[in-house]
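I have a new structure open and want to find my way around it. These are my notes, in the order I looked things up.

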Amino acid sequence: MKLTRIKDSDNKLVITLEEPDDLFSLRRVIEVGDNITADTTRVIKQDSEFSRPDKGERVKIRIILRVEKISFDDAIDRLKVSGIIITSNNENIPRGLHHSITVKISDTVTLEKARWNENYMKILSKSTIKFKYLLVSIDSQEASIASLTGTYLKTTPNIYSGRSGKRYSADKKNETNNSYFESVRTGMDIYLDEQGIKIIVFGPGETKRRFYNFLKERNEFYQRADFNIVEGIEASGEDGIFVFLRSQAMKDSMSNSKIAMVANILDKIMQQISKGEKRYAMGIKEIRYAQSLNAIEAMVYSDKVFAEIAEEDFIKLLNDIEYNNTKVFATDSTTDMGLRVSSLGGVIALLRYPIY
């Protein structure tokens with residue numbers, strides 16, 4: 001989550017959402033009566049003599065909405081905010097109309113509250129991520145780039161080198177490599193304006209090192225970038241990204257990241273299950289009981305949790321759990337870990353001690 005104060009305003013905060021935890025943080029902070037500024041779309045009815053009464057044009061607008069209702073929109077990667085339009089940048093959309101906006105990961109909104117208390121800022125600040133990761137999975141044939149923010153993964157389609165067989169001359173091979181590497185670098189460049197990015201390069205063979213040298217020789221940014229070349233990942237392209245995220249190499253090279261923390265929690269719980277030990281809780285009923293005993297060390301959840309509990313009740317439970325300094329992580333289906341959590345009922349916790 002990125003937070004930016006607006007100059008000359010103590011009541012407005014610009015918020016950029018980057019991963020599932022950010023949406024939950026915004027859900028816990030935004031309240032009825034707040035104002036939220038966002039880009040959205042709305043259908044404007046046609047009033048011309050020959051237009052159909054039900055026909056309209058959908059236009060992009062920027063509005064300030066007085067919040068009346070907040071809820072997740074069937075998944076934890078979309079937040080629905082409903083209310084009354086206070087102002088808009090389109091003269092055909094007057095104030096006083098009801099409207100709903102959908103806030104998603106990567107969206108930027110401005111939240112205005114009558115008063116920002118310390119607890120609101122604490123919730124939002126916990127979602128601020130110090131480091132983001134740019135993953136490059138590459139071999140001589142294919143490459144894929146993925147942006148990892150917290151537990152949210154965004155991958156690019158595979159980039160292919162066009163090389164095949166062993167009949168390439170040395171000159172032809174170098175020419176193809178340079179063109180291929182340049183295409184991969186171009187795909188990486190869209191992330192260069194972000195601060196605190198760490199680049200991790202992996203894949204079978206020596207292509208990853210040749211690509212690393214290519215970047216260092218040709219681009220000033222990459223000469224000072226935080227690079228880590230990882231061995232032991234014998235897959236490339238999009239497959240290589242997911243192999244890496246399930247590997248011990250990921251935990252070693254990204255030990256302070258959210259996704260590594262989640263992976264370690266899940267691994268510890270799986271070990272508990274295989275040993276027949278009961279230092280874990282699954283499902284809302286067990287989680288509630290563990291929380292009543294202040295026994296939860298860390299908890300991971302996905303949108304599957306809403307099949308067991310109403311949203312408002314879960315937000316309250318989440319606040320109670322975090323009040324006890326428990327580590328809590330949201331996951332989604334962009335990673336294997338999010339799917340694993342969903343398959344275990346949507347919520348799972350590592351306990352400080354057995355409770356059964």
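Below I go through a sheet, a helix, a covered strand, a surface patch, two backbone angles and some salt bridges.

**Entry 1: the sheet.** I kept in mind that this is a predicted model. I started with the open sheet, which has 7 strands. Reading across, I get the order β1-β2-β7-β3-β4-β5-β6, with antiparallel pairing. Which strands sit at the edges? I found β1 (2-5) and β6 (98-104), each pairing on one side only. From one strand to the next, the twist averages 45°.

I then zoomed in on the β6 edge. Strand β5 (residues 78-88) is joined to β6 by 7 bridges. I used Ser82 as a marker, since Ser82 stands opposite Ser100 in β6. Following the chain on from β6, I came to Ser106, in the loop between β6 and β7. Ser106 has a phi near 90°, a positive value in a residue other than glycine.

**Entry 2: the helix across the sheet.** Next I looked at helix α1 (residues 20-29), which lies across β2 (12-16), β4 (56-72), β5, β6 and β7 (108-112). I noted an angle of about 65° between α1 and β4.

What does Arg27 form a salt bridge with? The partner is Glu311, and the closest N and O atoms are 2.6 Å apart. This pair links distant parts of the chain: Arg27 is in helix α1 and Glu311 in helix α10 (residues 311-323), 284 residues apart. Are the two partners buried or exposed? Arg27 has a relative accessible area of 5%, so I put it down as buried. Glu311 is at 16%, so it counts as buried too.

**Entry 3: a covered strand.** I moved on to β17 (residues 347-351), where 5 of 5 residues are buried. Val347, Ala349 and Leu351 are on one side, Ile348 and Leu350 on the other, and both faces are covered. I checked its neighbours as well. Strand β14 (residues 280-282) pairs with β17 over 3 bridges, antiparallel, and Tyr280 stands opposite Leu350. Strand β15 (residues 296-301) also runs antiparallel to β17, with 5 bridges, and there Val300 stands opposite Ile348.

**Entry 4: around β15.** The loop between α9 (283-292) and β15 holds Leu293 and Asn294. Leu293 helps make a nonpolar surface patch of about 410 Å², along with Tyr289, Tyr353 and Tyr356. Leu293 has 34% relative accessibility, so it counts as partly exposed. Asn294 is partly exposed because its relative accessibility is 39%. Its phi is near 55°, again positive in a residue other than glycine.

In β15 itself I picked out Glu297, which forms a salt bridge with Arg279 at 3.8 Å between the closest N and O atoms. Arg279 lies in the loop between α8 (258-275) and β14, 18 residues apart from Glu297. Glu297 is partly exposed at 33%, and Arg279 is partly exposed at 25%.

**Entry 5: other salt bridges.** How many salt bridges are there? The count comes to 21. One of them joins Glu182 and Arg185, with the closest N and O atoms 2.3 Å apart. Both lie in helix α3 (residues 170-189), about one turn apart. Glu182 is partly exposed at 31%, while Arg185 is buried at 15%. I also jotted down a network of salt bridges linking Glu206, Lys208, Arg209 and Glu231.

How values were computed: Residues numbered from 1 in each chain as written. Predicted model: local features only at pLDDT ≥ 70, side-chain atom pairs only at ≥ 80, totals over all residues. Heavy atoms only, no water. Pairing = 2+ DSSP bridges. Helix = DSSP H or I, 4+ residues; strand = E, 2+ residues; numbered from the N terminus. Axes fitted to C-alpha atoms, helices over the stretch in contact; angles between N-to-C directions. Contact = heavy atoms within 4.5 Å. Buried < 20%, exposed > 50% of the residue type's maximum accessible area, 1.4 Å probe, protein only. Patch = residues over 30% accessible without salt bridge, like charges linked within 9 Å, V, L, I, M, F, W, Y side chains within 5 Å. Areas by Shrake-Rupley, 256 points an atom, 1.4 Å probe, with all protein chains shown as cover. Salt bridge = Lys/Arg side-chain N within 4 Å of Asp/Glu carboxyl O.
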